[in-house]
Amino acid sequence: MATTTTDIFTAEGADNRPNAYYEGATAVIRASAAGGSSHVIAASLAGITPLEHTARTRQYMAEGVLHEPAILTRVAEDGWLMESVGAEQAELDIPVTSRILVRCHPDGFATAREDMQPGDVVRGERFVVEAKAMSRGVFETYERKGFDEFYRYAVQLSLQMEGTGLPGLFAVKNRDNGEVRWQVFRTPPVAMAEIRKRLLLIERGARMGDLNPLKEKCESFPCVMYFLHDHEVGETVEDETIDSLAEMVARARERKQQAEEVEREARGKLREYLGEAGKRRTKTWSVSYREQEGRVTYDTKKMAEDGVDVQAYARKGKGYAVVTVKRLGKIGDGDGDEGGA
Ligand SMILES: [Zn+2]
């Protein structure tokens with residue numbers, strides 16, 4: 001597989017696009033993310049920028065991509081004619097519902113050169129291939145538990161089987177000692193109906209502003225949306241200081257919302273009252289209105305598509321504290337949200 005450097009792939013071939021995004025009204029979800037943490041998909045669809053991977057994680061992911069051709073080469077030795085696929089080629093779109101599309105990139109295709117075990121493969125039969133490099137510990141878990149512990153991979157392979165109409169060949173490599181194992185699947189390990197239902201609920205949730213639509217505990221590590229996790233704050237305690245300060249925050253928030261409503265209404269009436277004149281002055285006030293043109297923004301996605309290295313222009317603001325106040329019950333109608341401080 002040749003290394004590629006288009007805009008959406010890193011020099012190492014890893015796909016840089018978000019896990020999920022909208023193209024017009026269509027939600028595009030990457031096959032590699034479809035079985036992963038639901039809140040990551042929902043938050044990506046909502047346009048929330050994920051945490052940047054650390055240099056170490058980026059390197060680990062890039063290394064994973066570099067392992068792929070070696071895995072395919074090794075599997076081929078067992079009697080397969082292997083067609084590897086460049087990272088930017090063979091993009092496969094699978095319509096899941098009328099508004100959801102899963103986008104996947106098969107790692108390759110394998111055709112049996114002879115009849116073989118395991119799986120009673122017949123000469124000439126063609127499979128879609130997914131390859132994964134794993135650390136020793138993860139590899140051992142996979143050997144013991146298979147897809148039971150790797151739902152994300154199971155979903156990814158199932159989607160590729162669905163998209164190509166081919167049976168699947170899943171190959172894993174222990175990156176610490178180079179050992180490679182492969183297995184063929186006649187039936188998708190996860191049924192399409194299950195995947196469809198899951199993605200439908202996630203997308204609908206995201207559209208309604210629910211960033212954890214399946215109420216799952218996040219198992220991803222490291223999670224690029226960890227800042228959306230409900231933080232574990234320990235046991236319930238009696239603390240009047242916390243109660244009164246949180247109450248102040250909640251009430252102020254409520255009053256702010258009411259005040260904003262009043263302000264909007266008053267401005268609207270003022271504008272109407274000013275009519276054509278546009279401005280007036282009294283002894284106490286000077287008021288005016290004008291039509292303001294919309295703000296200019298830059299479509300960074302389009303820029304990337306046109307070959308601009310958008311990341312090179314990124315600027316990072318100063319960090320700040322986020323104080324979360326969430327009412328857990330009783331008095332009032334406070335809903336959980338966040339305020340910067
Ligand atoms: Zn998470």
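Me: Axes here are lines fitted to C-alpha atoms, for helices over the stretch in contact, and angles run from 0 to 180 degrees between N-to-C directions. With that in hand, why are H2 and H6 called oblique to each other?

Reply: In this predicted model, the axes of helix H2 (residues 38-45) and helix H6 (residues 192-207) cross at roughly 45 degrees and come within 9 Å. Angles under 35 degrees count as roughly parallel, 65 to 115 as roughly perpendicular, over 145 as roughly antiparallel and the rest as oblique. The crossing of H2 and H6 fits none of the three named ranges, so the two helices are oblique. Their crossing is also right-handed, meaning that the near helix is turned clockwise from the far one by less than a right angle.

Me: Which residues of H2 and H6 meet?

Reply: Ser38, Ile41, Ala42 and Leu45 in H2 meet Ile202, Glu203, Gly205 and Ala206 in H6. Contact means C-beta atoms, placed from the backbone, within 7 Å. Leaving out residues up to four places away in sequence, Ile41 touches Asn19, Ala20, Ile29, Ala33 and Ile202.

Me: What makes Ile41 stand out in the largest nonpolar core?

Reply: That core has 53 residues, and Ile41 is among those touching the most other members, along with Ile29, Ala34, Val75, Ala110, Val129 and Ala171. Members are buried Ala, Val, Leu, Ile, Met, Phe, Trp, Tyr and Cys residues joined through C-beta atoms within 7 Å. Buried means 20 or more other C-beta atoms within 10 Å of a residue's own.

Me: What makes S3 and strand S6 (residues 108-112) a pair?

Reply: Pairing needs at least two bridges found by DSSP, and five join these antiparallel strands, so S3 and S6 qualify. Glu83 stands opposite Phe109 in S6.

Me: Why are S3 and S9 called edge strands?

Reply: The open sheet has five strands in the order S3-S6-S7-S8-S9, with mixed pairing. Strand S3 (80-84) and strand S9 (180-185) each pair on one side only. From one strand to the next, the twist averages 30 degrees. Helix H5 (residues 151-164) lies across S7, S8 and S9, at about 160 degrees to S7.

Me: How many residues separate S4 and S5 in their hairpin?

Reply: Two. Five bridges join the antiparallel strands S4 (residues 92-97) and S5 (residues 100-104), and Asp93 stands opposite Arg103 in S5.

Me: What should I keep in mind about numbering and confidence?

Reply: Residues are numbered from 1 along each chain as its sequence is written. Local features in this predicted model need pLDDT of at least 70 and side-chain atom pairs count only at pLDDT 80 or more, while totals for chains, interfaces and linings use all residues.

Conventions. Buried ≥ 20, exposed ≤ 12 C-beta atoms within 10 Å, placed from the backbone. Contact = placed C-beta atoms within 7 Å. Helix = DSSP H or I, 4+ residues; strand = E, 2+ residues; numbered from the N terminus.
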